[in-house]
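Thank you all for making the time this morning. I would like to walk through one model with you, going from strand pairing to sheets, then to domains and finally to the contact between chains.

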Amino acid sequence: MSQDAAIEANGLDLTFETGDGAIQALRDVTLEIGKGEFVSFIGPSGCGKTTFLRVVAGLEKPTGGEVRVNGTSPDEARRDRAYGYVFQEAGLYPWRTIAGNVRLPLEIMGYSRSEMADRVNRVLELVELSGFENKHPWQLSGGMQQRASIARALAFDADILLMDEPFGALDEIVRDHLNEQLLGLWEHTGKTIGFVTHSIPEAVYLSTRIVVMSPRPGRITDVIDNPLPRKRPLDIRDTPEFLEVAQRVRKGLRAGQSYED
Amino acid sequence: MTLVLAAIVLWMAAWWLNMRIAGSALASSHVGRVAVPLVFGLSVLAIWELVVRGLDVPQVILPAPTVIAETFVAETGTLWTDFRQTALKGAISGYVIGCIAAFAVALAIDRSMFLRRGLLPVGSFVAALPIVGTAPILVNWFGFDWQSKAAVVVVMVFFPVLVNTVQGLADTAAMQRDLMRTYSASYWQTLLKLRAPAAMPFVFNGLKIATTLALIGAIVAEYFGSPTRGMGFRISTSVGTLELAMVWSEIAVAALAGTLFYGAVTLVERWVTFWHPSQR
């Protein structure tokens, strides 16, 4: 196991016991994510991409294999505030203002008052929400709410950002804009990002590597290195290079599917 | 007979007036919203007066509103003493004690599966006991003064507040709880920052139901023994001496107190749960 891996999974297995039998959500998942990488997980629903992220976050316990985050167990990593997690829904607390929501993890982690104010200002600026500090979540659009939830995950400066289909519920125009912002953010913070999506263009546009997964049992079928340069204007999506990578991802997804029957 | 006819005419007139207000642009304004129930209430009182006088209804059956009002004004001192004894000492103290106890037990239930399985069913059993059965026993235990009335109120308000609080504490989305877990938040941090605020709409439901129960409990408990003051005491003795105007005055006090109490809790609710879709 190498020194500069942020996330390492070795032969991960996870079986859920449900009312109608056991479901194998992950089988023999082995993957290493280096520091500063942007890795996307793509696949049809039930392929275990979200489950994998939850295992990394320590929200699920694997039934077999091993996972290390920054060289420690997921539980330890969580106590070390090693990662910020962005969920599918913004999940902002309606009784708190936007600033109050971003302050939430800082309050729990015991930051000083002035430190909290500084950090809240900084991350709200980062997601372009300055001036909305005192609004309540329901007064903001869905895209703005999701940006606030990203700010919340960034507030305590974790090195790793785990994002579970954060833009899935947003319309395409807002999504493009947020993709661009996220890429900029990744570039100047140097964070390691694990990103679950089911959009091929989103995965290709954002990531340095794309992990293709397939369901029943959930497993990795392909890992694609993205040759695109780090600087990516939105219209890179019309270049032949981009379309080539997208094609490979699509092929990988299809191959996973035919496995099934 | 003319008075009865006048009552019918008045009824028609008030009806017509209210239909006009409700149909006009005034209806959605503040004035309109106050005016319609006001016209309705006043016309009911006026018709009551006219019919009672017109048909010579005996005082013991139904006193006229003006007679009740006279008694109300003449007996303000007694009414105030009774109000203090029953509403302030009995109902409010019992309400506060009962609600605090319910919150404490709700937390204990939340922390322990054993209590959840064991205490909640016993709680519903206690809640099903009729107040006329428990009140005499509690009067026996705690004496004739307000303490026994407060005890009855505690028993009455405890369960609705408990059930609503337990339900409210369970009312968080899995995602919100996962979020707190990713911060390694402790039980108390999760409770204070997520579950307690999320529970407030439920808690206030319980608190509002409990306001009316508290007043009923405090009044009824006095039927089973009390010092020579209190709203329930006055109602039962005045019925005995056929002073029906006094009974109705006490009823008016009870209605006013109940409305104010409920209104006050609703105001606090609006302030605490401003964020809830039903309030904003």
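Let me begin with a question: how many bridges join strand β8 of chain A to β9(A), and in which sense do the two run? Strand β8 (residues 209-214) of chain A and β9(A) run antiparallel and are joined by six bridges, and within that pairing M213(A) stands opposite I220(A) in β9(A).

Before I go further, please keep in mind that this is a predicted model, in which local features need a pLDDT of at least 70 and side-chain atom pairs count only at pLDDT 80 or more, while totals for chains, interfaces and linings use all residues. As for labels, residues are numbered from 1 along each chain as its sequence is written, and chains are lettered from A and ligands numbered from 1 in the order in which they are written. When I say helix or strand I mean a DSSP run, H or I over at least four residues for helices and E over at least two for strands, numbered from the N terminus, and two strands pair if DSSP finds at least two bridges between them.

The pair I opened with belongs to an open sheet of six strands in chain A, ordered β5-β6-β7-β3-β8-β9, with mixed pairing. At its edges stand β5 and β9 (219-225) of chain A, each of which has a single partner strand, so one side of each is left without a neighbour in the sheet. Neighbouring strands of this sheet are turned on average by 15° against each other, direction ignored, where axes are lines fitted to C-alpha atoms, for helices over the stretch in contact, and angles run from 0 to 180 degrees between N-to-C directions.

At the β5 edge, β5(A) pairs with strand β6 (residues 160-164) of chain A in the parallel sense, over four bridges, and V86(A) stands opposite M163(A) in β6(A). Are the two faces of β5(A) covered or left open? Both faces of strand β5 (residues 83-86) of chain A are covered, since Y83(A) and Y85(A) on one side and G84(A) and V86(A) on the other are all buried; buried here means that 20 or more other C-beta atoms, placed from the backbone, lie within 10 Å of the residue's own. Helix α5 (residues 142-154) of chain A lies across β5 and β6 of chain A and runs at about 165° to β5(A).

Chain A has another open sheet, made of three strands in the order β2-β1-β4, and its pairing is antiparallel. Here β2 and β4 of chain A stand at the edges with a single partner strand each, so one side of each is left without a neighbour in the sheet, and neighbouring strands are turned by 20° against each other on average, direction ignored. Strand β1 (residues 5-18) of chain A is joined by ten bridges to the antiparallel strand β2 (residues 21-34) of chain A, and the two form a hairpin with two residues between them. Along this pairing L12(A) stands opposite V29(A), and T18(A) has G21(A) as its bridge partner. With strand β4 (residues 64-69) of chain A, β1(A) pairs in the antiparallel sense over five bridges, D13(A) having G64(A) as its partner there.

Turning to domains, whose bounds come from an automatic or database domain assignment, chain A is divided into domain 1 (5-82 + 159-259) and domain 2 (93-157), with 25 Å between their centres, taken over C-alpha atoms. Ten residues of domain 1 of chain A are in contact with ten of domain 2 of chain A, contact meaning that two C-beta atoms, placed from the backbone, lie within 7 Å. On the domain 1 side, the largest share, four residues, comes from helix α6 (residues 172-189) of chain A. Chain B, for its part, is assigned domain 1 (2-57) and domain 2 (72-272), and their C-alpha centres lie 36 Å apart.

Finally, the contact between the chains takes 14 residues from chain B and 16 residues from chain A. On the chain B side, α8 (174-182) and α9 (187-221) are the elements that give two or more residues, and α8(B) provides the largest share, six residues. The predictor gives the complex an ipTM of 0.86 and a pTM of 0.83.

How values were computed:
A residue is buried if 20 or more other C-beta atoms lie within 10 Å of its own, exposed if 12 or fewer, and partly exposed in between; C-beta atoms are placed from the backbone.
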